Amino acid sequence: MHAPLPAKPLPVYLQIAELLARQIKAGYWHSGERLPTEAELAQTLSVAVGTLRKSLGLLEEQGVLERIQGSGTYVRQTQNSQQIYELFRLELMEGPGLPTAHILDLSLQHDPNELQGKAQIGEDCWRVRRMRFLNQRPAALEEIWFSATHCPNLEIQDLGDSMYLFYQQRLGVWISRVEDHISAAIAPSWSVPPIGLLPDQSAGYIERLSWTSNNEIAEFSKTWFDPAVCRYTSRMSQ
């Protein structure tokens, strides 16, 4: 197991856009509500006003926000928007938080027994183990499996904070559907600091299957999350 290595981060303007989108979906601001001024938001988020404007411009293109000259920036209906972390369900107790990741291990597995009865991904699979952070707080451990068919050579440095973005850009694969099974489980033996989950300690647990638009299984993942830090959240609106 390697020492935790930060995954390639998203550009700052994308990080801010994703954080704002997660906050809107969590109900921090409602449809039609005006956001704080650019100066106030930039100060709160500790970014330059120019970076914030780029983030707001992206969210406007995605239909999440509407900027009205001389009036301000307003929240629009967001049901049809699609963010990078749209399917990331873990949130801090006090609010959504921005997801980031540190890679713990990357290995090529041949016909792994762990996947039998779980997912038919292929004989050769990549296994990624990583630690997830929310607003830089260690929150969860992930073990992710995906086929090595279209990606026989891979280095840790190739992986970014968002695996779904990696699939799109590197493999040409778009995730269109996921299925989560949530329970409790024992934290894995490879758990390491700074996360507060000790090996054999009880943790929240998620098993996820992800499919492409062609209804092919693209990924199987396991997530152990620290219930003292975060929770699983799913929202539905009409």
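Helix α3 covers residues 49–61, and its length checks out nicely in this predicted model. At 1.5 Å a residue, its 13 residues should span 18 Å, and the end C-alpha atoms do sit 18 Å apart, so expectation and model agree. The expected figure is 1.5 Å times one less than the number of residues.

Turning to how α3 is packed, its buried residues are L52, S55, L56, G57, L58 and L59. An α-helix makes a turn every 3.6 residues, so positions three or four places apart point the same way. The partners of the buried α3 residues are two helices, α1 (12–25) and α2 (38–45), along with two strands, β2 (65–68) and β3 (72–75). Just past the end of α3 comes G63, whose phi is positive at about 85 degrees.

Then there is the matter of internal space. The structure has 1 cavity of 30 Å³ or more, and about 300 Å³ of space lies in the largest cavity. Its lining is made up of 21 residues, with L87, F88, R132, E142 and R208 lying nearest the centre. Two or more lining residues come from each of β6 (124–134), β7 (137–147), α4 (163–171), β9 (202–212) and β10 (217–225). Of the contributing elements, β10 gives the most, at 3 residues.

As for chemistry, the lining is a mixed bag: 10 nonpolar, 3 polar and 8 charged residues. For anyone setting up a calculation on this region, the residues nearest the cavity centre include R132, E142 and R208, alongside L87 and F88.

Methods: Residues are numbered from 1 along each chain as its sequence is written. This is a predicted model: local features need pLDDT of at least 70, side-chain atom pairs count only at pLDDT 80 or more; totals for chains, interfaces and linings use all residues. Side-chain values use heavy atoms; hydrogens and water are left out. On a 1 Å grid over the protein atoms alone, a cavity is a set of points where a 1.4 Å probe fits but cannot get out, and a pocket is an open set with protein on both sides within 12 Å along at least five of seven lines; lining residues have an atom within 4 Å of a point. Grid points are joined across faces, edges and corners, and a volume is the space filled by probe spheres set on the points. Helices (H or I, at least four residues) and strands (E, at least two) are DSSP runs, numbered from the N terminus. Ala, Val, Leu, Ile, Met, Phe, Trp, Tyr, Cys and Pro count as nonpolar, Asp, Glu, Lys and Arg as charged, and the others, Gly among them, as polar. Buried means under 20% relative accessible area, exposed over 50%, partly exposed in between (1.4 Å probe, protein chains only). Contact means heavy atoms within 4.5 Å.
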